[in-house]
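I opened this entry to record what I looked up in the structure. My topics were helix packing, the pocket and the cavity.

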Amino acid sequence: MKEVVCAGDSITRGLASANYVSLLRDRLGPDGYRFVNAGVDGNLAWNVLQRLDEVIACRPDAVTLLVGTNDVNATYDARWARHYRRQQRLPAAPSPQWYRRNVDAILDRLQNGTSARLAVLDLPPLGEDLSSTMNRRVREYNAVLREVADGRGVPCLPLYESLVALLPPGHRPPPYEGRLGLALRTTFQHLVLRRSWNDISAANGLTLLTDHIHLNDTAAAVIADLIAEWLQTSPPRRN
């Protein structure tokens with residue numbers, strides 16, 4: 001049995017977002033893969049770094065890392081910055097430089113504390129207006145992520161460009177306005193009203209995101225495809 005740990009935030013946890021880890025279990029479980037969901041809502045890269053002991057304790061054959069959406073979102077405005085610092089007990093204000101240090105420390109710890117093969121996924125868009133300030137920041141953080149991963153010889157799976165390729169020509173999405181209530185409403189609609197993530201996304205005028213932050217079923221399948229292809233192309237094995 002090959003042990004694969006998927007570490008990240010709410011996009012990985014899959015409660016407020018379509019669950020790509022469940023898709024991987026369904027697809028690759030019969031082939032001898034066991035997936036551990038190590039996603040925690042609201043986490044920034046710093047939070048993932050603090051809980052790596054639980055990842056290492058799994059003695060994984062492979063680890064994937066998808067984290068940074070909250071690092072970017074924390075820069076939206078002062079209200080979001082206060083929210084994250086209080087909720088996640090952050091010791092510093094989020095910034096690209098701090099993100100770089102934390103991602104590098106995560107990869108360093110995993111490379112030295114496990115024999116696992118590692119892959120990172122770059123960050124999905126924040127909102128579907130690719131010209132927005134937030135998506136310019138996403139691209140900045142993705143450049144940081146790729147630079148750190150490349151420096152450590154870790155593949156970076158192209159999530160951002162894979163999702164952008166699915167946006168229809170002439171797409172005119174509503175702007176992302178940093179409203180926390182929308183995320184709560186979409187989760188309620190899915191868990192209580194049993195609406196599909198794709199239906200919720202469409203009702204909000206979006207193609208891949210449900211609430212400008214989390215992923216619908218189509219987008220989650222893209223992550224599952226990327227990780228499955230990586231696992232099967234480069235099978236994890238212990239040293």
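**Helix packing**

I looked up the handedness first and found that α7 passes α8 in a right-handed crossing. The model I consulted is predicted.

I then noted the geometry of the pair. Helix α7 covers residues 96-113 and helix α8 covers residues 133-151. Their axes come within 10 Å and cross at roughly 30 degrees.

Next I listed the residues in contact. From α7 I recorded P96, Y99, R100, V103, D104 and L107. These meet E140, Y141, V144, L145, E147, V148 and A149 in α8. I sorted the residues of this contact by class and obtained 9 nonpolar, no polar and 4 charged.

**Largest pocket**

I read a volume of about 370 Å³ for the largest pocket. Its lining comprises 20 residues, and those closest to the pocket centre are S10, D41, G42, L180 and H214.

I asked which helices each supply at least two residues of this lining. I entered α1 (10-13), α5 (69-73), α6 (78-87) and α10 (180-191). By class, I recorded 9 nonpolar, 9 polar and 2 charged residues in the lining of the largest pocket.

**Cavity**

How many cavities of 30 Å³ or more does the structure hold? I found 1. For the largest cavity I noted about 30 Å³ of space.

I wrote down P125, E128, L163, V164, L167, L208 and L209 as the residues that line the largest cavity. I classed 6 of the lining residues as nonpolar, none as polar and 1 as charged.

Key. Residues numbered from 1 in each chain as written. Predicted model: local features only at pLDDT ≥ 70, side-chain atom pairs only at ≥ 80, totals over all residues. Heavy atoms only, no water. Axes fitted to C-alpha atoms, helices over the stretch in contact; angles between N-to-C directions. Helix = DSSP H or I, 4+ residues; strand = E, 2+ residues; numbered from the N terminus. Left-handed = near helix turned anticlockwise from the far one by under 90°. Contact = heavy atoms within 4.5 Å. Nonpolar A, V, L, I, M, F, W, Y, C, P; charged D, E, K, R; others polar. 1 Å grid on protein atoms, 1.4 Å probe; cavity = no way out; pocket = protein on both sides within 12 Å on 5 of 7 lines; lining within 4 Å. Points joined across faces, edges and corners; volume = space filled by probe spheres on them.
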